[in-house]
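Here are some exercises to work through with the model open beside you. Try each task before reading its solution.

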Amino acid sequence: MLIQRIHVACRLFSTASTSASFEKTPTQPLTKCLQLAVIGAPNVGKSLLTNSLVRCPLSAVSSKMDTTTRNISASICTDSTQLVFTDSPGAVSTSHVRQTMKGTSATSGDRVLQDPERALQRAQHILVVQDSTAPGAYIHHRVLHMLHRYSHVPSTLVMNKIDLVMRRTDLLPLVEILTNGQLADNQQITTKPAQIGRLGTSLSTSSHNSSHQPTDEKWKAQFRELIQKPTWKCSYNDTRALFRTICGWSGFERVFFVSSLSGEGIDELRTHLMNISPDGEWKMDEGMPTGESAQQLCIDSIRAAVLDTTPSNVAYSVQVRISEWEEQGEVLQIVGEIRCQKPRDGSLVIGKGGKRISEIGRRVNEHLHSLFQRQLYARLIVTCNGKLITQEK
């Protein structure tokens with residue numbers, strides 16, 4: 001029942017054009033559905049972008065990388081069209097998972113590494129999210145490897161966080177690099193100033209076509225070898241070396257400039273995806289906007305709040321579980337347990353006078369209330385080796 005409540009909450013974020021119910025009748029048009037994979041480097045805003053596109057805060061977000069540790073499904077239905085997004089973890093290395101995410105189990109660590117490519121296996125379209133403010137003019141080498149492996153799947157480049165860019169015309173030369181100066185239909189990108197928005201206003205037809213790839217036989221042999229392997233089975237150093245001189249991808253069909261935080265450009269991107277959706281049956285029931293359980297969404301929310309408020313060396317080492325989940329009349333009572341490896345870590349999570357754990361609880365309650373749209377109270381406890389840790393005086 002709670003996931004249905006999430007659907008009601010999602011509809012509160014939608015416009016009047018979002019359908020409240022969809023029943024097939026002879027007079028209604030055929031349904032359309034587009035399955036999308038959202039991929040990119042860590043901390044580029046994939047989860048917030050997905051939330052904005054589906055008009056619901058399904059994915060927990062924080063200011064730290066690796067907030068999303070597995071694929072999360074999210075959908076939105078408008079009229080006869082459904083968009084199904086798979087929000088994926090950032091592309092990272094095995095050593096990163098081992099060193100940074102110390103509290104992650106072996107299974108969870110594998111999902112962090114493998115899920116980005118798994119998101120592509122059913123995708124009909126790929127959204128590659130790029131942080132417009134990030135240093136370096138290149139697409140992450142792990143993302144490039146996946147794009148080459150799934151070159152048959154159409155893709156769109158989404159330049160996120162444009163609200164943080166002072167001179168937006170500076171983004172055009174950057175996009176020229178990230179697209180190798182062209183889009184999939186051989187349209188060449190010019191760098192003359194243009195209003196930020198859909199990049200179609202600054203394109204001109206050209207027969208220019210360059211692969212921007214090395215041509216020596218040694219590189220070609222290495223490329224043929226690595227492209228046969230799933231990205232997560234290739235070493236981080238190998239893909240970095242392979243794409244060392246390659247900055248962009250020539251196969252993007254479109255480029256969009258958005259701010260997931262302010263909402264700028266989101267409606268235009270969503271409308272475009274609706275327009276290109278092919279005929280097909282819906283993959284998710286309209287009353288179930290995500291495949292995630294309500295308890296798992298709660299765990300994600302607690303972990304994100306810990307990441308946002310607690311030193312990284314502690315935040316990444318904790319484990320979160322739900323110890324109580326009880327309906328008391330109209331109120332949902334939740335007790336979340338934050339398990340720490342050391343008593344000192346627990347004291348840091350709680351903070352002096354309990355200030356930090358209070359802030360974590362405030363964020364969790366606000367997020368869950370906006371997500372579930374019902375009366376609830378989430379209480380948090382901190383433990384180490386099964387023993388309750390109390391706040392510092």
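A residue is called buried when its relative accessible area is under 20%, exposed when it is over 50%, and partly exposed in between (1.4 Å probe, protein chains only). The model is predicted, so local features need pLDDT of at least 70 and side-chain atom pairs count only at pLDDT 80 or more, while totals for chains, interfaces and linings use all residues. Residues are numbered from 1 along each chain as its sequence is written, and side-chain values use heavy atoms, with hydrogens and water left out.

**Exercise 1. Warm-up on the whole chain**

Find how many helices and strands the protein chain holds, and what share of its residues is buried.

Solution. Start with the elements: helices (H or I, at least four residues) and strands (E, at least two) are DSSP runs, numbered from the N terminus. On that count the protein chain has 13 helices and twelve strands. Next, burial: 54% of the 393 residues are buried. Finish with contacts, meaning heavy atoms within 4.5 Å. Of the contacts with a separation of 6 or more, 74% are between residues 24 or more positions apart.

**Exercise 2. An arginine in a helix**

Decide whether Arg 142 is buried or exposed, and list what Arg 142 touches.

Solution. First place the residue: Arg 142 belongs to helix H5, which spans residues 141-149 and has eight of its nine residues buried. Then check the area: Arg 142 has a relative accessible area of 5%, so Arg 142 is buried. Now look around it. Beyond neighbours within four places in sequence, Arg 142 contacts Ala 91, Val 92, Thr 231, Trp 232, Cys 234, Ser 235, Tyr 236 and Thr 239. One of these, Cys 234, is itself buried because its relative accessibility is 4%. Tyr 236 is 94 residues from Arg 142 in sequence, yet the C-alpha atoms are 7.6 Å apart. Last, the polar contact (N or O atoms within 3.5 Å; within protein, one must be able to donate a hydrogen and the other to accept it, and residues adjacent in sequence count only if both atoms are side-chain atoms). The side chains of Arg 142 and Thr 239 make one at 3.1 Å.

**Exercise 3. Two helix crossings**

Work out how H5 is oriented to H7, and H2 to H9.

Solution. Axes are lines fitted to C-alpha atoms, for helices over the stretch in contact, and angles run from 0 to 180 degrees between N-to-C directions. Angles under 35 degrees count as roughly parallel, over 145 as roughly antiparallel, 65 to 115 as roughly perpendicular, and the rest as oblique.

- The axes of H5 and H7 (residues 217-227) come within 10 Å and cross at roughly 80°, so these helices are roughly perpendicular. His 145, His 148 and Arg 149 of H5 make the contact with Phe 223, Leu 226 and Ile 227 of H7.
- The axes of H2 (residues 46-54) and H9 come within 9 Å and cross at roughly 70°, so H2 is roughly perpendicular to H9. Here Leu 49, Ser 52 and Leu 53 of H2 meet Ile 266, Leu 269 and Arg 270 of H9.

**Exercise 4. Two serines in loops**

Locate Ser 88 and Ser 259, and say whether each is buried or exposed.

Solution. Ser 88 sits in the loop between strand S3 (81-87) and helix H3 (94-100). With 1% relative accessibility, Ser 88 is buried. Its side chain reaches the backbone oxygen of Val 38 at 2.6 Å. Ser 259 is in the loop between strand S8 (252-257) and helix H9 (266-275), and its relative accessible area of 0% makes it buried. Ser 259 touches residues including Asn 160, Asp 163 and Glu 264. Leu 49 is 210 residues from Ser 259 in sequence, with 8.0 Å between the C-alpha atoms.

**Exercise 5. Strands and a missing bond**

Trace the pairing of S11, then explain why Cys 340 has no bond to Cys 384.

Solution. Strands pair if DSSP finds at least two bridges between them. S10 (residues 331-340) and S11 (residues 376-384) run parallel, joined by nine bridges, with Ile 338 opposite Val 382. S11 also pairs with S12 (residues 387-388), antiparallel, over two bridges. S11 and S12 form a hairpin with two residues between them, and Asn 385 in the turn has a positive phi of about 55°. Now the cysteines: a disulfide needs two cysteine sulfur atoms within 2.5 Å. The sulfur of Cys 340 has its closest cysteine sulfur in Cys 384, 6.9 Å away, so the gap is too far for a bond. The structure holds zero disulfides.
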